[in-house]
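Here is a short set of exercises to work through with the model open beside you. Try each task on your own before you read its solution.

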Amino acid sequence: QVQLVESGGGLVQAGGSLRLSCAASGSIFSINVMGWYRQAPGKQRELVAVTTSGGSTTYATSVKGRFTISRDNAKNTAYLQMNSLKPEDTAVYYCYMVVLTGPRMAPTHYWGQGTQVTVSS
């Protein structure tokens, strides 16, 4: 089993910055994908940013140029640096990983518990 633990959410004024972290622990052989999604009240969960073990990165159009996703493979940790935050960035942010628990195991999807990010105007 694999657990994802997020940290770094909070309340910030518009224009400010926050850095989210997501640490994976448990039976981990490799992590193919690390990413962040968010869900605002009354809205569907949406992709924010994702990065693969091959180095490719994808961002939602709404966060390009403001958010940066990174990963520390040695620590099994994903980060999301969020700059120039806007009130519309307010949401619960969820960490997402696709993990291999063994060399011949099928990839498994895991989600963090979510961390609240609130941006005041």
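The exercises below cover a disulfide, a sheet, a nonpolar core and a salt-bridge network, and the model they use is predicted.

**Exercise 1. The disulfide**

Task: Find which cysteines form a disulfide, and work out its handedness and which parts of the chain the pair ties together.

Solution:

Step 1. Start with the sulfur atoms, where a disulfide calls for a pair within 2.5 Å. The sulfur atoms of Cys22 and Cys95 are 2.1 Å apart, so this pair passes the cut-off. By this rule the count comes to one disulfide.

Step 2. Place the two residues in the fold. Cys22 belongs to strand β3 (residues 18-26) and Cys95 to strand β9 (residues 91-100), so the bond ties together parts that are 73 residues apart in sequence.

Step 3. Turn to the torsion about the S-S bond. Its value is about -85°, so the disulfide is left-handed.

Step 4. Check the surroundings: Cys22 and Cys95 are both buried.

**Exercise 2. The four-stranded sheet**

Task: Work out the strand order of the open sheet of four strands, and say which strands stand at its edges.

Solution:

Step 1. Read across the sheet. The order is β1-β3-β8-β7, and the pairing is antiparallel.

Step 2. Look for the edges. β1 (2-7) and β7 (67-72) each have a single partner strand, so one side of each has no neighbour in the sheet. From one strand to the next, the twist averages 15°.

Step 3. Follow the pairing around β8. Strand β8 (residues 77-82) pairs with β3 in the antiparallel sense over six bridges. β7 and β8 also pair in the antiparallel sense, over six bridges.

Step 4. Pick out individual partners. On β8, Met82 is the bridge partner of Leu18, and Phe67 stands opposite Met82 as well. Ser21 stands opposite Tyr79 in β8.

Step 5. Visit the hairpin of β7 and β8. Four residues lie between the strands, and Asn76 in this hairpin takes a positive phi near 50°.

Step 6. Ask how covered β8 is. Five of its six residues are buried, which leaves the strand mostly covered.

**Exercise 3. A serine in the sheet**

Task: Decide whether Ser21 is buried or exposed, and list what Ser21 is in contact with.

Solution:

Step 1. Locate the residue: Ser21 sits in strand β3.

Step 2. Compare its relative accessible area with the cut-off. Buried means under 20%; Ser21 has 18%, so Ser21 is buried.

Step 3. List the contacts, leaving aside neighbours within four places in sequence. Ser21 is in contact with Val5, Glu6, Ser7, Trp36, Ala78 and Tyr79.

**Exercise 4. The nonpolar core**

Task: Find which members of the largest nonpolar core touch the most other members, and which strand gives the most to this core.

Solution:

Step 1. Begin with the background idea. In soluble globular proteins, nonpolar side chains tend to be buried together.

Step 2. Rank the members. The largest nonpolar core has 29 residues, of which Trp36, Leu80, Met82, Tyr93 and Met97 touch the most other members.

Step 3. Trace the contributions. At least two residues of this core come from each of β1, β3, β4 (30-39), β5 (46-52), β7, β8, β9 and β11 (115-120). β9 gives the most, with five residues.

Step 4. Zoom in on one member. Not counting residues up to four places away in sequence, Met97 touches a set of residues that includes Leu4, Cys22, Ile31, Met34, Asn76 and Tyr110.

**Exercise 5. The salt-bridge network**

Task: Locate the three salt bridges of the whole structure and find which residues they join into one network.

Solution:

Step 1. Start at Arg38. Its side chain meets that of Glu46 in a salt bridge (2.7 Å, N to O). Arg38 is buried, with a relative accessible area of 6%, whereas Glu46 is partly exposed at 36%.

Step 2. Take the next link. Arg38 also forms a salt bridge with Asp89, with the closest N and O atoms 3.0 Å apart. This pair links strand β4 with the loop between β8 and β9, across 51 residues.

Step 3. Continue from Asp89. Asp89 forms a salt bridge with Arg66, the closest N and O atoms being 2.7 Å apart. Arg66 lies in the loop between β6 (57-59) and β7, 23 residues from Asp89. Asp89 and Arg66 are both buried.

Step 4. Join the links. Through shared partners, the salt bridges connect Arg38, Glu46, Arg66 and Asp89 into one network.

Notes. Residues numbered from 1 in each chain as written. Predicted model: local features only at pLDDT ≥ 70, side-chain atom pairs only at ≥ 80, totals over all residues. Heavy atoms only, no water. Buried < 20%, exposed > 50% of the residue type's maximum accessible area, 1.4 Å probe, protein only. Pairing = 2+ DSSP bridges. Axes fitted to C-alpha atoms, helices over the stretch in contact; angles between N-to-C directions. Core = buried A, V, L, I, M, F, W, Y, C linked by side-chain atoms within 4.5 Å. Contact = heavy atoms within 4.5 Å. Salt bridge = Lys/Arg side-chain N within 4 Å of Asp/Glu carboxyl O.
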